[in-house]
Amino acid sequence: MCKSSRFKYIGAKISLLFLAVAINACNTLKRVEEDELLLRENTIFADGEEIKDEDINSLILQKPNTRILGYPLRLNLYNLAKKDPDSSYQAWLHKKEHREERLEKLLSKKQVNRLGESFVVKGLSEWLKKIGESPVIVDTTKARRTLERLSAYYGSKGYFNNNTTYTIDSLAKKQRASLEYKIELGKPFFIDTVSHQISSKAIDSIYQEYQELSFVKAGTQFDLAEFARERERLSTIFRNNGVYNFQESSISYDIATDTTKVADDQQMNIELNIDNFKRRGDSTVTSSEYKVYKFDKINIYTDYLFNGEDTEQQSIEYEDYTIYYKNKLRFKPKTLANAVFFKKDSIYREIDRTRTYRQITNLGVFKYPTITSQPSPIGETLDANIYLAARPRYSLGTSFEVTRSNIQQVGLALSPSLQARNLFGGAENLSLAGRVSIGSSNDPSIIDSRFFNIQEYGADLNLDIPRIWFPLFNTTKLIPSYTLPKTRISLGTSFQKNIGLDKQTFNTVLGYNWVPSDFIKHNVELLNVQFVRNVNIDRFFNVYRNSYEQLDNIANNFDSYLDEVQYPELEEYFELNGDSSNPSLIIPDGTTGFTQAILNRDVNATDAIYQSVSRIEERRQRLTENNLIFASNYTLNLNNREGITDNNFYQFRFKLESAGNLLSTISQIIPFEENANEDRLVFGVPYSQYVKTEFDYIKYWNVSRNNVIAFRSFFGIAIPYGNSDNIPFVRSYFAGGANDIRAWSPYSLGPGRTDAVNDFNEANLKIGLNLEYRFPLIGNLKGALFADAGNIWNVFDNVEDPEATFTGISSLEDIALGTGFGLRYDFTYFVLRADLGFKTYNPANDISDRWLNDFNFSNAVLQIGINYPF
């Protein structure tokens, strides 16, 4: 038997042994007594119809053991634990005569006792019990309590005469049973009339104005949830119409059946009662009518001390506000006034109070504000007091990171930062952040032999202004202060050494964002300028090895390149590498010389060779040329998620970007220089001109309390025109990676049905679809099954390869499909994720080999990521 076969044989025996042990240890009924039944399933029927609603099913007190793809993993882990590890250890210790004495001589009596407390003997069992799940035994007491909860729930929906029962159905498998809860609903009760009894005149007047929008209406079925919604609605209305002290407990309902109707009519009369304001004293409760209050004085304390120290303060009057300060007022009165939404002689509105909190916090120069309102001595008016405590004007910070990427085996980064708050007195915040990083890479294109052979350093300067700064225009009416408007002006630069072509990047942004509601967010970058300079363009073929190998293969297959009679000048472009039959092009002189010889027709090459070399040279020029991107963009974000635990929501993002139009307009007035390709230049660099749009939609469905289905769809296209016939690399799309098509590594999929012909494959059209099913495993460990589909293509640019170009509906056959599974560990603040993707449909293969040809572990791709992919 050969060595490999012998290893396979041994491996198979070991696998069978482990399987037998697992089957023996993981007996589902191991902890179930003879007179007990293991709960396998719960079902609820209402009037004979099965209820799938997760909220109703959550009323059941006893849930079956959790199952992962039908397998009770946590139950069987629990069963692996010893029931009484102390007794088991003692039994083993005394099973053989003199075993205890021999162990005590070898170790010591103390260590023998410790052995019984060790992880292997006791700790492992405790750990298995902790991560596992004890068997759920059918409990009739809990079943009856569940019936009470179900009866109460349907009673709250108007089915007051419902009847509930449960049955225990033994299953075919031994000692297993399912529970069926059955509810006979009966006829529901309906609301016949709605009346009201309101003590305060002010409340009655407001109620009459908003009565038509009530959730409790005559003719509708009784539903207790609607009464709760109505109480909340009324409380919000009253507090937003001047009744600052309204108590929700003042609202109550009297419910009575109509005795004048026949017995089976089941009609109900509802009376809404709103009592007066109640104040509890030490021994008595007093009441008074609710009143509508207007503001008299609005005081802003800019130097409030939380320790209660009483200090002498000065004050100034500005518009409707009295601003108090100590020594010197550090903030512009207008800035403070714009952050407060209370106005003198206007009624109190709770929404204004909320907006004031949000806007003051948004300024970034104060700690959490305190806002109080109290009746003033003058009539039905309020005094509002806003207490502010300023943050330190200057603060220093630093962060240290250890990173790893496809470029760096290990990287160390240090980022010092300086924050300057309230720079010009209008809550403008300036931040200066630097970054210095070193890394280690075994990239063969890097000549530096030192361990830390790559470096990057840069700095970013950001100025945040808490309003829309737009010279010559007043945008306050269009974008009011309560939308939290902000202007950001940023300048940044970064320098890379021994990373690719060693890029130097300079960028500047003038942008605005505002949030009209929790559902909508707008972002506009009026100016987004990025200049990218490639320092070491001669290293192109060292970095982009696929392009080099393509060119080198063409050169080696060129029949006459060593014919000294016809082309003696080509010899200097090659080095023999010890093998005269397979020389290699010298980088960069040989690659440049050979390319020019072909493209200048200095040698007699076929059209196919000429086109192939031309395509390689076009890519080299595109990826090595400096880029100037002068763009503007708008982004709309919609998100109806109500909280971090909400798993029934959607997100939508739309982005539109245009680049080069302003420069193109200027060029019509001021002639720009042009290069040999007639591209207009700015500072010697051709500016990019394109339009780009993206649609990104995410939807979550809560299948059960802990199981979620997540879906994402993405479409993006960038179309060059005017001064450009392609899209800059930094604005192109790529496919593959931990947050994309996970069965492919980053940049390794596409374009179209090409088989990763380049090192970094990118294009200007992308379609992506992702579907993921997430479920709990053990404790904070979660699992996922996923399917990712998508690809990238070239369209409307200078790429002519039909395999890489989107030509219509038929190109959708090039959409790749990857499937797989993943593990995620929830650390509360972030999620560590590992996904294993399998190439299910690979468009790069021949048509007959596209499905499942690469569906194996040897071609699988492991992706490591932080947080969920979408």
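# Sheets, a helix pair and unusual backbone angles

Reader: Over how many bridges do β5 and strand β7 (residues 267-274) pair, and in which sense?
Author: Strands (E, at least two residues) and helices (H or I, at least four) are DSSP runs, numbered from the N terminus. Two strands pair if DSSP finds at least two bridges between them. Within this pairing, Thr193 stands opposite Asn269 in β7. β5 and β7 pair over eight bridges, and the sense is parallel.

Reader: What kind of model is this, and how are its residues and side chains handled?
Author: Residues are numbered from 1 along each chain as its sequence is written, and side-chain values use heavy atoms, with hydrogens and water left out. Local features need pLDDT of at least 70 and side-chain atom pairs count only at pLDDT 80 or more, while totals for chains, interfaces and linings use all residues, since the model is predicted.

Reader: Which strands stand at the edges of the sheet with β5, β6 and β7, and why is one side of each left without a neighbour?
Author: The sheet is open, has three strands in the order β5-β7-β6, and shows mixed pairing. Each edge strand has a single partner strand, so one side of it has no neighbour in the sheet; these strands are β5 (190-198) and β6 (251-257).

Reader: What does the twist of the sheet in the order β5-β7-β6 average from one strand to the next?
Author: Axes are lines fitted to C-alpha atoms, for helices over the stretch in contact, and angles run from 0 to 180 degrees between N-to-C directions. From one strand to the next, the twist averages 20°.

Reader: Which helix packs on this sheet touching β5, β6 and β7?
Author: Helix α9 (residues 201-210) lies across β5 and β7 and runs at about 145° to β5. Contact here means heavy atoms within 4.5 Å. The helix touching β5, β6 and β7, with a direction at about 145° to that of β6, is α10 (residues 224-239).

Reader: Which are the edge strands of the sheet with the order β2-β1-β4-β3?
Author: This open sheet of four strands has mixed pairing. Its edge strands each pair on one side only: β2 (49-50) and β3 (163-170).

Reader: What is the bridge partner of Thr167 in β4?
Author: β3 and strand β4 (residues 176-184) pair in the antiparallel sense over eight bridges. Helix α8 (residues 140-156) packs on the sheet, touching β1 (38-46), β3 and β4, and its direction makes about 145° with that of β3. The partner of Thr167 in β4 is Glu180.

Reader: At what angle do α15 and α16 pack, and why do they count as oblique?
Author: The axes of helix α15 (residues 589-599) and helix α16 (residues 607-624) are 9 Å apart, and the angle is about 130°. That value makes α15 oblique to α16. The cut-offs are under 35 degrees for roughly parallel, over 145 for roughly antiparallel and 65 to 115 for roughly perpendicular, the rest being oblique. The angle asked for is thus about 130°.

Reader: How do the residues of the contact of α15 with α16 divide?
Author: The contact is made by Phe594, Thr595, Gln596, Ile598 and Leu599 of α15 with Ile609, Tyr610, Val613, Ser614 and Glu617 of α16. Nonpolar covers Ala, Val, Leu, Ile, Met, Phe, Trp, Tyr, Cys and Pro, charged covers Asp, Glu, Lys and Arg, and polar the others, Gly among them. The residues divide into six nonpolar, three polar and one charged.

Reader: Why is strand β31 (residues 765-778) largely enclosed by the rest of the structure?
Author: Buried means under 20% relative accessible area and exposed over 50%, with partly exposed in between (1.4 Å probe, protein chains only). β31 pairs in the antiparallel sense with strand β30 (residues 708-720) over ten bridges, and with strand β32 (residues 781-793) over 13 bridges, also antiparallel. The strand is largely enclosed because its buried residues number ten of the 14.

Reader: Which residue takes a positive phi in the hairpin of β31 and β32?
Author: In β32, the bridge partner of Tyr773 is Leu785. The hairpin has two residues between the strands, and the one with phi near 60° is Gly779.

Reader: Is Glu319 buried or exposed?
Author: Glu319 lies in the loop between β11 (314-318) and β12 (321-325). Its phi is near 50°, a positive value in a residue other than glycine. At 58% relative accessibility, Glu319 counts as exposed.

Reader: What is the omega of the cis peptide bond that joins Ile587 and Pro588?
Author: Most peptide bonds are trans. Pro588 is found in the loop between β23 (584-585) and α15. For the cis bond from Ile587 to Pro588, omega is about 5°.
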